[in-house]
Amino acid sequence: MARTTEPVFRRPGSPIYYAWVPDPRTGRSVRKSTGCRNQGEAIAWRRRYVRADQDPAGDAARTVTLQGVLDDFLESRADRTKKDGRALSTSTREFYQAKASMVAAVLGADTLAAKIDATAIDGYLKARRADMTQRGERVTDHTISKELAVLRAALQRAKRIGKWRGDLDA
């Protein structure tokens, strides 16, 4: 076996490699199973783990989908109350759900949130306006602006909790 400077090793009698990685809470090194049987894969696993630890938003950018962002937003709205302490009405929550569903349907629920930028929004506008003419539906610019308002609020929340890094103004 070739020697490496990476802190990965196998325990005696085990085919699985382990790695020394920083504990996110204390910063001290802890032993963690990589689940890998190959030293090269174990080294790659450790590098990904350390990179994700150093930049959790970067890891989120590679894994968080539009559907996840919208679901987080809808959950936050379900927990929200009015000034007088009452929960939001069912019709308000249904409104948010309907607008979020349309955004997910047009942009694609599996689209990475990191890929949502001005170009994606322009494509959304073009697709929704094309829907207006093709289907003969009565979809106005006002309806589209409501959908985009829900998307903006969802992205603002995602940015606040570190799941999206884009520029809302762009």
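Trainee: Which element gives the largest share of the lining of the largest pocket?

Mentor: That is α6, with 4 residues. Keep in mind that we are looking at a predicted model.

Trainee: Which elements give two or more residues to that lining?

Mentor: They are α5 (118-135) and α6. The pocket itself holds about 220 Å³ of space. Of its 13 lining residues, the closest to the centre are Ile 121, Leu 155, Asp 167, Leu 168 and Ala 170.

Trainee: What makes a residue such as Leu 155 count as part of a lining?

Mentor: A lining residue must have an atom within 4 Å of a point of the pocket. Leu 155 is one of the lining residues, so it meets that cut-off.

Trainee: How many residues of the lining fall into each class?

Mentor: There are 9 nonpolar, 1 polar and 3 charged residues. Asp counts as charged, and Asp 167 is among the residues closest to the centre.

Trainee: Let's stay with α6. How do you know that its length fits a helix?

Mentor: Set the expected span against the model. The helix has 20 residues, and at 1.5 Å a residue these should span 28 Å. The end C-alpha atoms are 28 Å apart, so the two values agree.

Trainee: Which residues of α6 are called buried, and why?

Mentor: Buried means under 20% relative accessible area. In α6, the residues that pass this test are Ile 144, Glu 147, Val 150, Leu 151, Ala 153, Ala 154, Leu 155 and Ala 158. A helix has 3.6 residues a turn, so residues three or four places apart point the same way. Across the chain of 170 residues, 31% are buried.

Trainee: What comes just after α6?

Mentor: There you find Gly 162, with a positive phi of about 80 degrees.

Trainee: Now the strands. Why are β1 and β2 said to pair?

Mentor: Pairing needs at least two bridges. Strands β1 and β2 (residues 17-22) have 3 bridges, in the antiparallel sense, so they count as paired. For example, Arg 10 has Tyr 17 in β2 as its bridge partner.

Trainee: What makes β1 and β3 edge strands?

Mentor: The sheet is open, with 3 strands in the order β1-β2-β3 and antiparallel pairing. Both β1 (8-10) and β3 (29-33) pair on one side only. From one strand to the next, the twist averages 35 degrees.

Trainee: Where do the strands come in the chain, before or after the helices?

Mentor: Before them: the pattern along the sequence is β-β-β-α-α-α-α-α-α. That gives 6 helices and 3 strands.

How values were computed
Residues numbered from 1 in each chain as written. Predicted model: local features only at pLDDT ≥ 70, side-chain atom pairs only at ≥ 80, totals over all residues. Heavy atoms only, no water. Axes fitted to C-alpha atoms, helices over the stretch in contact; angles between N-to-C directions. Expected span 1.5 Å × (residues − 1). Buried < 20%, exposed > 50% of the residue type's maximum accessible area, 1.4 Å probe, protein only. 1 Å grid on protein atoms, 1.4 Å probe; cavity = no way out; pocket = protein on both sides within 12 Å on 5 of 7 lines; lining within 4 Å. Points joined across faces, edges and corners; volume = space filled by probe spheres on them.
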